[in-house]
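Me: I should like to learn how to read the main features of a structure of this kind. Could we work through them in turn?

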Amino acid sequence: MTFDYNARLNRLRALLIDGVSAIALVPGANMRYFTGLSLHLMQRPTIALITADSFAMIIPQLEASKLDQRPDLNARAFVWSDSEGYQGAFEAAVDGLGLRGGILGVDGMTMRVTEWLTFQRIDPTMGVRGVERGLIAIRAIKSPYEVDAMRRAIAVSERALERLLLEIKVGVTEREIASRLSVLMKEEGGHGEAFSPAVQFGANSALPHGSVGDRRLERGQLIIIDFGAVVDGYPADITRTFCLGEAPADLQRMFNTVLSANIAAKAAVRPGVPMGDVDKAARDLISAAGYGAYFIHRTGHGLGLDIHEPIPQIAAGVTDILQTGMTFTIEPGIYLPGVGGVRIEDDVVVTADSVEVLTQFPRELIIPA
Ligand code: CO
Ligand code: CO
C-alpha cells in the first residue's frame, strides 16, 4: 500500500505562513514522509522544495531516475551532474520558483549549513526559518497503516527475542547476544533494525547509554536488552530486563517497582491528557519506592519513521496534550550505579478513548538458568 503523498504535501503547505515562501526538505524521515522518496543525505546536495503551487526537486543526476518512477508527484526537476556541480541547479530552482527575497522554511535539525550557504550565495536577501516543530506535529498523528507497520515490526522483534532467550546462558557475552538478535530479527522478517541492539549485563546495565562489550554473563545478573526491527520503514523499540536464574531480593524489588511504573504510565494514557501526567504516573511510583534519584531519563518518546520523534515528549512538566493516533514509548527505568539497571519499554498508540499497548512480550524477570 502506498500513501497519498499529494495529500501529505498539501498538509505541509499549511506551514507556508508568515512570509515563508517555500519549505525545503533534505533526505531523511521528513522527505520520506511527505514525498515517499528514500534518498540519502550525502555529499551531493538533494532538496525537495514545496511552494504553494508546485513541488520541485534539486537532485543529482544519478538519483534522478527515482523521480521518473513517481509521476504522481508532478515534480519540477532541477537536475545537476558531477561535472557541472550543483550551484546552477540551485539557481535555476530559486528563479524558477520565484524564491528570491523570500523566506525558506527548513528542518533546522537536518538541513546542513552547506545547503543553506548555497542558497545564500545565490540570493543573500533570502531568509530562513526553522519549521521542524510543524513538520513533526503533522507526522505525530499516525494513520492506521503506519500503526500497522509498527505492529508488524513489533511482531518480528518479539519472535526474535523469544528465540534469543533460549540462547542466553552463563558465559555468553553481550556482543554475542546482540549480534544473534540482529540475525534473528532478519530471519523473522525484519527489513532492517532501528538501531544496533543494546545488550548490557550486570553493573553495565546501570548505564542507560552504556556500550555493548565482551562482558560474560553470570548467574543472578541483570540483563537489559533494548532493540527493535524495522518493517516497511517503521520501527519497534522494545526493552526487556531479565535475570539469569534466581534474582537477589534487591534486584527483584527494583524490577517490581519499574514494572508497576510501566503499568501505571500506560494506564494514564488517553486523549486529552497532558504528556507530563504520563511521566508523573511512572515517576511518582518510583519515587515512592525510594528510587526517585535513579530514574534519570524521561518516561518516553515519540516513535515513527524516526526512532526518537520529539512529539509526543513524555517528560516531567510537559503540558502538551496527547491526541488520538500518537505513537510513543513508555520506558521507565531505575539505574543503581555499580549494581545494575532495570528498564521496561513498551510501544503504545493513543486510541479514540484510551490506549492500545502494541508490545506483547511478557514482562517477567527470570530466565531459567
Ligand atoms: Co529502546
Ligand atoms: Co526508546
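Reply: The discussion below covers two metal sites, two sheets and one helix. The model is a predicted one.

Me: Which residues supply the protein donors of the cobalt ion (ligand 2)?

Reply: Ideal angles at a metal are 109.5 degrees for four tetrahedral donors. In this structure, the cobalt ion (ligand 2) has as protein donors Asp237 (OD), His301 (NE2), Glu331 (OE) and Glu345 (OE), at 2.1 to 2.3 Å. The angles among its 4 donor atoms run from 77 to 150 degrees, and the site is irregular. Along the chain, these donors follow the spacing D-x63-H-x29-E-x13-E. His301 belongs to strand β13 (residues 300-302), while Glu331 is in the loop between β15 (327-330) and β16 (333-336), so this pair ties together parts 30 residues apart in sequence. His301 and Glu331 are both buried.

Me: What are the donors of the cobalt ion (ligand 1), and which residue coordinates both ions?

Reply: The protein donors of the cobalt ion (ligand 1) are Asp226 (OD), Asp226 (OD), Asp237 (OD) and Glu345 (OE), lying 2.0 to 2.6 Å from the ion. The 4 donor atoms subtend angles of 54 to 147 degrees, which makes this arrangement irregular. The donor residues are spaced D-x10-D-x107-E in sequence. Asp237 coordinates both cobalt ions, which are 3.1 Å apart. Asp237 lies in the loop between β11 and β12 (238-244), and Glu345 in the loop between β17 (340-343) and β18 (346-350), so the pair ties together parts that are 108 residues apart in sequence.

Me: Are Asp237 and Glu345 buried or exposed?

Reply: A residue counts as buried when its relative accessible area is under 20%. Asp237 has a value of 3% and is therefore buried. Glu345, at 0%, is buried as well.

Me: How should a sheet be read, and in what order do β7, β10 and β11 stand?

Reply: Strands of a sheet pair through backbone hydrogen bonds, either parallel or antiparallel. Here an open sheet of 3 strands has the order β7-β10-β11, and its pairing is antiparallel. The edges are β7 (192-193) and β11 (234-235); each has a single partner strand, so one side of each is left without a neighbour in the sheet. Between strand β10 (residues 229-231) and β11 there are 2 bridges, and Val231 has Tyr234 of β11 as its bridge partner. Helix α7 (residues 144-165) lies across β10 and β11, at about 140 degrees to β10.

Me: What is the pairing in the sheet of 4 strands, and which helices pack on that sheet?

Reply: That open sheet has the order β8-β9-β12-β20, with mixed pairing. At its edges stand β8 (198-201) and β20 (366-367), each with a single partner strand, so one side of each has no neighbour in the sheet. β8 and strand β9 (residues 222-227) run antiparallel and are joined by 4 bridges; Val199 has Ile225 of β9 as its bridge partner. Helix α7 packs on this sheet, touching β9, β12 and β20, and its direction makes about 10 degrees with that of β12. Helix α8 (residues 174-187) also packs on the sheet, touching β8 and β9, with its direction at about 150 degrees to that of β8.

Me: Which residues of helix α10 are buried, and what covers them?

Reply: An α-helix has 3.6 residues a turn, so residues three or four places apart point the same way. In α10, the buried residues include Met275, Val278, Asp279, Ala282 and Ile286. Among the elements covering the buried residues of α10 are α9 (249-267), β14 (309-314), β15 and β16. Gly290, which follows α10, has a positive phi near 95 degrees.

How values were computed
Residues are numbered from 1 along each chain as its sequence is written. Chains are lettered from A and ligands numbered from 1 in the order in which they are written. This is a predicted model: local features need pLDDT of at least 70, side-chain atom pairs count only at pLDDT 80 or more; totals for chains, interfaces and linings use all residues. Side-chain values use heavy atoms; hydrogens and water are left out. Donors are N, O and S atoms within 2.8 Å of the metal (3.2 Å for Na, K and Ca); water is not among the atoms, so sites may look incomplete. Four donors count as tetrahedral if all angles lie between 85 and 135 degrees; four count as square planar and six as octahedral if opposite donors are over 155 degrees apart and all others between 65 and 115; anything else is irregular. Buried means under 20% relative accessible area, exposed over 50%, partly exposed in between (1.4 Å probe, protein chains only). Contact means heavy atoms within 4.5 Å. Two strands pair if DSSP finds at least two bridges between them. Axes are lines fitted to C-alpha atoms, for helices over the stretch in contact, and angles run from 0 to 180 degrees between N-to-C directions.
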